[in-house]
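Colleague: Got a minute to go through this one with me? I'd like to talk about cysteines and charged pairs.

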Amino acid sequence: MIDRVKITLISGKGGDGAICFRHEKSVEFGGPSGGNGGKGGSIFIVADEGINSLSSYRFGKTIRASDGENGKAKLCYGKDAEDIYLPVPVGTVATTLDGKVIADLFHNGDTALLVKGGRGGRGNACFKNPLKRTPKIAENGMPGQTLTLYLELKLIADVGLVGLPNAGKSTFLSNNTRADAQIANYPFTTLEPQLGVCYQSIDKRFVIADLPGLISGASQGKGLGLSFLRHIDRCSVLLHILDATSDTLIDDFLSINKELYTYKPSLKEKTMVVALNKMDEVTDRTLIDKFHDSFDSSYDIYEISAKNNTGTKKLINKLYNIVKTHKKSVSSLENDEFVFNINNSNTGKIPDYQVKQLSEHIFEISGQRVIRTKRLINLKTDEGVDKLLAYLDKIGIDSKLHEVGAKNGDTIILDGFEFEYFE
């Protein structure tokens with residue numbers, strides 16, 4: 001089961017605005033007619049209940065959206081690029097490389113915007129005014145966003161089965177659902193999570209997830225446990241199945257709980273029900289009674305035989321009642337849609353621009369807003385260059401350069417664009 005992948009998403013660049021003028025017979029001074037560029041393609045993820053793994057993205061794909069079309073003459077706008085919708089399983093969580101949650105798709109059809117396409121630049125027709133009848137200015141389309149992230153699948157199950165290998169979890173799942181889990185008399189017969197629906201009636205059912213057996217040290221990566229521990233996060237209740245014939249029954253129980261709570265301390269808040277399995281093979285109840293004496297006050301404990309389906313009916317009713325209560329408690333909560341904007345990922349107060357000296361006669365202007373404005377302006381025309389210089393003068397770059405020691409003839413660099421400084 002592929003349940004965690006790393007992918008890179010690149011949204012499309014917006015189309016450039018056009019610099020054009022109307023030329024028609026018998027139409028004098030036709031004026032500017034450059035159209036706007038189209039919007040670049042955005043990339044979304046959408047939860048699809050027909051998909052059960054992230055195998056489509058397993059090889060670290062880079063997914064790129066198309067760029068918007070450039071504007072054209074006669075006020076023709078460029079075509080918007082198509083957005084990309086990536087289907088993922090229900091229960092997928094998107095996180096940044098540092099672990100920040102971008103989106104959590106809990107329901108079928110949930111959609112989240114991950115990278116937004118750049119907007120199209122305006123054509124010269126947008127800059128016409130009574131003072132400038134023939135503007136030779138247009139905007140470039142805004143660049144797209146690039147984001148590398150993890151997609152992580154967390155199965156959506158009501159009951160999660162946990163326990164040591166060969167404790168009988170797969171047998172319990174097979175005999176109480178229609179899941180076809182592999183069963184054998186050796187450890188680690190379950191190599192990936194198995195889901196099954198337990199039906200009590202048409203309107204009384206819940207989903208059970210059988211997770212691969214945990215061992216001591218699973219929270220540090222031993223065995224198969226660490227790969228699948230994430231799947232218990234969404235469960236309403238944990239069913240801890242123990243082999244009642246074990247000579248270390250209490251230690252088995254405590255060791256698995258230790259691994260669960262080491263992996264994620266918040267799991268202590270989840271309801272846990274304990275099932276002592278293989279009771280049909282128990283000949284000495286000394287350890288069983290000792291287990292009850294130790295944990296009866298903290299857990300609901302059931303003695304069952306998953307193989308013979310003995311004692312399981314009462315346990316199933318208990319699990320259903322817990323799941324039903326849990327769903328009622330969260331049904332009133334609304335999931336607020338969270339859209340990640342890479343431009344707003346740093347919420348600290350950042351100045352509009354910074355000026356630093358690279359060498360004796362070279363200075364660099366940096367800053368998100370000033371670079372964004374520079375990229376919007378088409379610098380292929382003299383009017384475009386004049387517009388950029390006027391903008392820099394308006395925000396006080398001239399006085400800032402003088403303050404840091406710039407002299408006439410020094411080179412100023414702004415996002416790869418170089419010009420000379422003169423007071």
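Modeller: Sure, cysteines to begin with. A disulfide is a pair of cysteine sulfur atoms within 2.5 Å. This is a predicted model, where local features need pLDDT of at least 70, side-chain atom pairs count only at pLDDT 80 or more, and totals for chains, interfaces and linings use all residues. Residues are numbered from 1 along each chain as its sequence is written, and side-chain values use heavy atoms, with hydrogens and water left out.

Colleague: How many disulfides are in the whole structure?

Modeller: Zero, after a search of the whole structure.

Colleague: Why is there no bond between C20 and C76?

Modeller: The closest cysteine sulfur to that of C20 belongs to C76, but it is 9.4 Å away, so it is too far for a bond. From the other side, C76 has C20 as its nearest cysteine sulfur and is in no disulfide.

Colleague: Is C76 buried or exposed?

Modeller: Partly exposed, at 37% relative accessible area. Buried means under 20%, exposed means over 50%, and partly exposed is in between (1.4 Å probe, protein chains only).

Colleague: OK, switching to charges. How many salt bridges does the structure hold?

Modeller: 13. Each is a side-chain nitrogen of Lys or Arg within 4 Å of a carboxyl oxygen of Asp or Glu.

Colleague: Which residue does E139 pair with?

Modeller: R122, with the closest N and O atoms 2.7 Å apart. Both residues lie in the loop between β7 (111-115) and β8 (146-153), so the bridge ties together parts 17 residues apart in sequence. Strands here are DSSP runs of E, at least two residues; helices are runs of H or I, at least four; numbering goes from the N terminus.

Colleague: And how accessible are E139 and R122?

Modeller: E139 is buried, at 5% relative accessible area. R122 is partly exposed, at 35%.

Colleague: What about K318, which residue does it bridge to?

Modeller: D300, at 3.3 Å between the closest N and O atoms. That pair links distant parts of the chain: K318 is in helix α5 (residues 312-330) and D300 in strand β14 (residues 300-303), 18 residues apart. K318 is partly exposed at 26%, and D300 is partly exposed at 35%.

Colleague: Which residues do shared partners join into one network?

Modeller: R119, R122 and E139.

Colleague: Last one. What is the N to O distance for D289 and R285?

Modeller: 3.3 Å, in a side-chain salt bridge. D289 is partly exposed, at 36%. R285 is partly exposed too, at 35%.
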